[in-house]
There are 2 protein chains.
Amino acid sequence: MKITSRFTVAVHTLLVIYLFGGERKTTSEFIAESVQVNPVVIRRTLLSLKAAGMIEVKAGSGGASIVKDLKDITLYDVYRAVDSVEGELFHFHENPNPACPVGKNIHSLLDGHLSDAQRAMENELKKTTLADLSGELAEKIRAQAPAQA
Amino acid sequence: MKITSRFTVAVHTLLVIYLFGGERKTTSEFIAESVQVNPVVIRRTLLSLKAAGMIEVKAGSGGASIVKDLKDITLYDVYRAVDSVEGELFHFHENPNPACPVGKNIHSLLDGHLSDAQRAMENELKKTTLADLSGELAEKIRAQAPAQA
DNA sequence: TCTTGTTGTAATCTTATTGATTACAGCTAT
DNA sequence: ATAGCTGTAATCAATAAGATTACAACAAGA
């Protein structure tokens, strides 16, 4: 099983707001066209990002803007903002038999190790900021620009 | 979304085979009673573990036994054996719009970082062997034993 | 103020994935 | 040959995610 695409959608959303925020109104519909998902999915994403204090959304007139320095937003922050994983990453079988010594102890035996693994993944996400990504993106766009006269 | 319970079921299965293998025949039904899942689920697990060279299953007469040193089986090996995650851990939105500079580059922008995160998690799983777990388990069982005369 | 475009949010539907369950052929040891 | 298991296919049910429809509330400009 995979981690929900809400996460990559949210990162995509932030980058679109950042890149186009200056020149046009970034509505849920506009963002949805870039991500290629239903606008309602984007609205839900925007709500999560707003709740996390990363963006501001204009009710009524429309459009979102970033209100936090991209240097201060890590991939982990976005991952958390949209609840990419609710609680534990690993799914345990629910009812191990407590009458069996293995069933009785399997949870306490594995929990620590599985938490460590999950934490290692999450810590890795903390290493990359949205500023890093927007920098990499700008570079790619520049490299892809048509040759100038 | 969470990682399938096949993983914890497989670890549980190996520990049951290890702990009871000496004194009784560890059939899929017996293991299923400890894990509390359907015996067919255990049979499928046994097939995976067998394919990974960790156990041997006696067709016909029944029962499984471990054929690889527990020191040489890490949690990562079990994780792989049962395909806990098929390929990528993170699920990408499928069709970002290539006509948008963000949609065009989002994949190459994120792939490396997401792979790093997944790898960090998997490397953490490599640190724990089944021998470690069986040792911890033995200790827990000893601590839980009723006081002796 | 009326109109238009947009957000916030609920409700429903579809699809995918899992694990549960049933069923049974084939094998092995007694 | 019999009884007990495994290997495996087929089906079913439950869960979760995203798609989609619908609409009230609201903000800004005509």
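1. Helices here are DSSP runs of H or I with at least four residues, strands are runs of E with at least two, and both are numbered from the N terminus. On that basis, and bearing in mind that this is a predicted model, chain A reads α-α-α-β-β-α-α-α from its N terminus. That makes 6 helices and 2 strands.

2. A word on the overall form of chain A. Its radius of gyration is 20 Å, where a compact globule of 149 residues would come out near 15 Å. Have a look at the box as well: along the principal axes, the C-alpha atoms of chain A take up roughly 75 × 40 × 25 Å.

3. How much of chain A is buried? The figure is 46% of its 149 residues. The accessible surface of chain A adds up to about 7,400 Å², and carbon and sulfur atoms hold 49% of that. As for contacts in chain A with a separation of 6 or more, 62% of them link residues 24 or more positions apart.

4. Now to the DNA. Strand D has 26 residues around it, and the ones that come nearest are T4(A), S5(A), S28(B), K50(B) and G60(B). Of the atoms of DNA strand D that come within 4 Å of the protein, 61% are sugar and phosphate. Sorted by class, the surface near DNA strand D is made of 10 polar, 9 nonpolar and 7 charged residues.

5. Which elements supply that surface? Helix 3 (39–51) of chain A and helix 3 (39–51) of chain B each put in at least two residues near DNA strand D. Helix 3 of chain B gives the most, with 5 residues.

6. Three side chains are worth clicking on. T4(A) has a polar side-chain atom 2.6 Å from a phosphate oxygen of DNA strand D. R6(A) also goes for the backbone, with a side-chain N or O atom 3.4 Å from a phosphate oxygen of that strand. R43(B), by contrast, goes for a base: an N or O atom of its side chain is 2.9 Å from a base oxygen of DNA strand D.

7. Finally, two backbone angles to check in chain B. Q36(B) is not a glycine, yet its phi is positive, near 65°. This residue is in the loop between helix 2 (28–35) and helix 3 of chain B. Q36(B) counts as partly exposed because its relative accessibility is 44%, and that class runs between the 20% and 50% cut-offs. D83(B), again not a glycine, has a positive phi of about 55°. Look for D83(B) in the loop joining helix 4 (75–81) to helix 5 (101–125) of chain B.

Note on methods:
Residues numbered from 1 in each chain as written. Chains lettered and ligands numbered in written order. Predicted model: local features only at pLDDT ≥ 70, side-chain atom pairs only at ≥ 80, totals over all residues. Heavy atoms only, no water. Near = heavy atom within 4 Å. Polar contact = N/O pair within 3.5 Å; in protein donor to acceptor, adjacent residues only side chain to side chain. Nonpolar A, V, L, I, M, F, W, Y, C, P; charged D, E, K, R; others polar. Rg over C-alpha atoms; globule rule 2.2 N^0.38 Å. Buried < 20%, exposed > 50% of the residue type's maximum accessible area, 1.4 Å probe, protein only. Contact = heavy atoms within 4.5 Å. Areas by Shrake-Rupley, 256 points an atom, 1.4 Å probe, with all protein chains shown as cover.
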